[in-house]
Amino acid sequence: MKIKGYRGQVLVIDLEKRTITKKKTDSQWFNNYIGGRGWAVKYLSDNIEQNIDPLGAKNILVISLGPLTGTLAPSSARYTIAAKSPLTGGIGYANAGGHFAPELAYAGYDAIFIHGISENPVYLLIQDDNIELIEADYLWGKDTWETERLIKEDNKDQMIQVLSIGQGGENLVKYAAIMNNLSRAAARTGVGAVMGSKKLKAIAVRGTGSVEVAFPDKFIKLVDETLDKIYADPAYPSLSYYGTPFLVDLAYISGGLATRNNQSGFFEDYENISAETFEEKYLVKSESCFGCPIHCGKYSKIEEGKYAGTKGGSPEYETIVCLGSKCGIGNLEAIIKANELANKFGIDTISLGDTIAFSMEAYERGALKKEDTDGLELKWGDEDVLITLINKIAFREGIGDLLAEGTKKVAETIGGGSEKYALHVKGMEPPAYDVRTAKAFGLGWATATRGADHLAALPNFELLGYEPEKGIDWFGSEKAVDPFEWEGKPRMVVWHENFGAIVDSAEMCKYTCFSAYAVKPEDMALFLSYATGIKIDSNELMKVGERIYNLERLFNLREGISKKDDRLPERFTKEPLPEGPAKGQYVELDKMLPEYYKIRDWDWKTGLPKKSKMEELGLVEYATKYDLIHDIDLEDDKDAS
Amino acid sequence: MQVKRILVQKEKCNGCRICELRCSFEHEQIFAPSYSRIIVHKNELEGLAIPEMCIICGKCIDSCPEIAISKSERTGAIKIDGDKCTGCQACVKACPYSVMSMHPVLNIAITCDLCDGNPQCVEYCPERVLHYMTSKEFSDYKKKSILLKETSLSYKPKVVPE
């Protein structure tokens with residue numbers, strides 16, 4: 001039976017055999033994994049063999065939606081793209097908004113599972129029931145904007161939604177993104193490189209159907225209540241008017257505006273990259289994802305000067321910092337241009353900016369020399385170098401071929417002590433916020449299953465200036481509301497990670513859930529119950545979140561990513577911030593991590609999950625298959641001897 | 001007396017399409033832009049999003065061979081008699097703004113009915129792009145908001161929330 005909210009069908013595509021199979025959505029998945037990220041992780045765990053090459057034929061690319069996709073549930077137009085990551089070797093997934101996901105829902109599908117490698121470039125065209133693989137030689141080599149334009153033109157339909165890779169994905173840049181609506185990026189963990197390795201240039205979809213919910217009246221009432229909460233959120237005016245660039249100002253005030261590869265949290269050219277400057281000079285209007293009341297996306301344009309004519313989706317906070325202050329660049333126009341290039345090439349701006357910032361520090365410290373860099377002087381703040389390097393990386397030219405591998409690999413290749421300031425966790429480069437000024441975020445980077453990832457936990461709770469009582473109430477410590485403190489943070493991170501897995505599986509935006517906290521687990525339980533007609537309560541829901549998180553952990557463990565990798569670069573744990581309001585701060589990871597393991601029921605010595613936890617989550621069979629269960633008796637025996 | 005209709009400040013539209021979702025829900029109890037009586041046309045490269053819906057020009061009334069189309073006496077909105085409509089699409093062809101469409105399942109013509117005087121797209125628009133006003137009210141409103149923008153510092157929110 002088809003469950004309301006879902007569409008009831010999935011697509012299994014084999015690119016090698018050129019087969020397209022429609023299957024019924026497995027209804028068991030709803031109860032155990034909800035949708036989106038949960039489904040993707042489940043499918044990958046079940047169907048990917050151990051230790052495969054992420055860029056080989058055995059990797060699988062999953063695109064999946066949630067039970068709220070296409071409805072009026074606020075900011076629910078997101079989707080997950082997942083695969084084994086070529087950047088980390090572990091679980092890889094990325095999540096984007098825009099207008100693609102609802103279109104796929106209206107075409108009638110819950111997920112697409114893409115197997116194998118195509119002999120020649122193709123794109124997948126979905127028009128309701130009609131699905132085709134179309135030769136895409138003529139698109140190969142084109143950027144994402146041109147690809148989208150041509151596909152719409154060729155099919156004579158401007159309403160088609162396209163996700164595509166640019167040269168970044170084609171050339172297997174390890175942190176390539178998949179783009180839709182020109183500026184929306186499913187960027188992290190190199191999912192674009194996986195798509196490139198499959199010679200799949202794009203997925204284009206047009207859907208004219210509908211999404212139904214089980215209890216329309218209750219559903220719309222809940223939508224109304226949630227909208228009221230979102231509009232009443234104190235951060236709403238800033239986020240909706242300036243977009244995420246307003247976080248540049250918040251980071252500056254807190255002393256955590258990452259500067260020159262996180263050597264400092266104070267950027268002297270801050271004013272030139274602030275939200276105020278952005279708004280005054282470049283902001284044209286908002287550009288919203290589908291069905292979103294927050295509309296944090298911004299459209300901007302540069303009218304004059306060196307970069308005149310640059311236009312499109314504006315750089316987000318993450319991009320402004322990673323391509324800007326982290327590289328010492330204090331010219332917003334150059335950042336806007338760099339962002340446009342990254343979007344067209346389809347490259348994750350976080351990993352891109354970080355890898356360039358790292359190479360600049362390596363150059364400063366002599367680990368990279370002029371003869372290694374095609375004669376370029378990789379000096380802090382040189383915007384021409386930034387633009388040149390982005391081009392070189394996208395096409396893997398000269399030094400770009402090495403930088404396209406990501407920070408970890410670059411450090412391993414050039415050596416010279418650069419590993420010390422090579423900023424990554426599990427091989428993935430860190431986001432903008434300097435976690436020395438927000439300790440829960442620091443712990444979250446270390447424990448995130450996809451590497452240095454602010455979104456796995458996104459524990460905004462510690463940043464919102466709540467009263468200490470609320471800290472006690474939610475996470476058992478009044479210090480939980482203070483970003484510089486570490487107490488209460490392990491509990492905070494576990495809660496956010498578990499609920500975050502639900503949010504990503506229902507495919508709602510984390511801004512709705514973790515900025516205004518307008519949707520808490522009990523609200524999400526109602527949304528899902530009203531949409532699907534299957535009653536689920538918040539405790540069950542949080543259990544699903546925990547299951548998803550643990551399954552990701554098991555995937556990583558079987559691929560050799562373990563406790564030793566739950567770390568932070570020494571810059572964040574041993575180098576206190578040298579100046580500004582957060583001077584002296586560092587991340588007390590060694591204090592937080594053991595408590596985190598304890599809450600998770602993971603063994604501190606081995607890093608393996610305990611059997612009782614695996615039984616509770618229904619993962620014991622899977623964990624046993626790969627010998628990943630911590631056997632307490634055995635461990636006790638060892639201790640005794 | 002001037003009639004109220006939906007008036008659009010298209011330069012403010014961010015293209016979120018909440019209007020389409022709410023419209024389809026109001027009329028069909030489902031979420032489906034293809035059933036919506038309001039459509040947002042977009043050009044993302046140029047940053048354009050333009051909501052379009054019936055402006056009550058009346059060309060469809062003249063075109064209908066079944067005399068199935070009239071104006072509502074209460075709201076002035078176009079009214080389509082589903083029993084009389086044969087799905088011939090004469091009105092769809094006659095509509096100068098391409099805002100008369102066919103119901104994908106019932107095969108009868110559909111267009112904006114102003115939700116019987118309480119248009120939900122207007123209610124839900126997060127940017128106040130859509131207004132249910134007379135043309136006089138709309139012009140006063142625009143004058144007032146320009147004045148507000150020029151004179152009031154509070155028009156722009158503070159970057160850092162309170």
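**Close-up 1. Strands β4 and β5 of chain A pair in the antiparallel sense.** In this predicted model, β4(A) covers residues 79-84 and joins β5(A) over six bridges. One bridge partnership links the two strands by residue: A:Ala82 is matched with A:Tyr93 of β5(A). Strands of a sheet pair through backbone hydrogen bonds, either parallel or antiparallel.

**Close-up 2. Six strands of chain A form an open sheet.** The strand order is β2-β1-β6-β3-β4-β5. Pairing across the sheet is mixed. At the edges lie β2 (19-24) and β5 (91-96) of chain A, each paired on one side only. On average, neighbouring strands of this sheet are turned by 15° against each other, direction ignored.

**Close-up 3. Chain A meets chain B.** Chain A gives 38 residues to the contact, and chain B gives 27 residues. On the chain A side, the elements giving two or more residues include the helices α7 (216-232), α8 (236-242), α9 (246-254) and α10 (275-281). The strands β13 (283-286) and β15 (311-313) of chain A also give two or more residues each. By class, this side of chain A has 20 nonpolar, 12 polar and six charged residues.

**Close-up 4. Two domains of chain B touch each other.** The domain assignment gives domain 1 as 1-53 + 112-151 and domain 2 as 55-109 of chain B. Their C-alpha centres lie 21 Å apart. Domain 1 of chain B brings 12 residues to the contact, and domain 2 of chain B brings 11 residues. The domain 1 side has six nonpolar, two polar and four charged residues.

Technical notes:
Residues numbered from 1 in each chain as written. Chains lettered and ligands numbered in written order. Predicted model: local features only at pLDDT ≥ 70, side-chain atom pairs only at ≥ 80, totals over all residues. Pairing = 2+ DSSP bridges. Helix = DSSP H or I, 4+ residues; strand = E, 2+ residues; numbered from the N terminus. Axes fitted to C-alpha atoms, helices over the stretch in contact; angles between N-to-C directions. Contact = placed C-beta atoms within 7 Å. Nonpolar A, V, L, I, M, F, W, Y, C, P; charged D, E, K, R; others polar. Domains from an automatic or database assignment.
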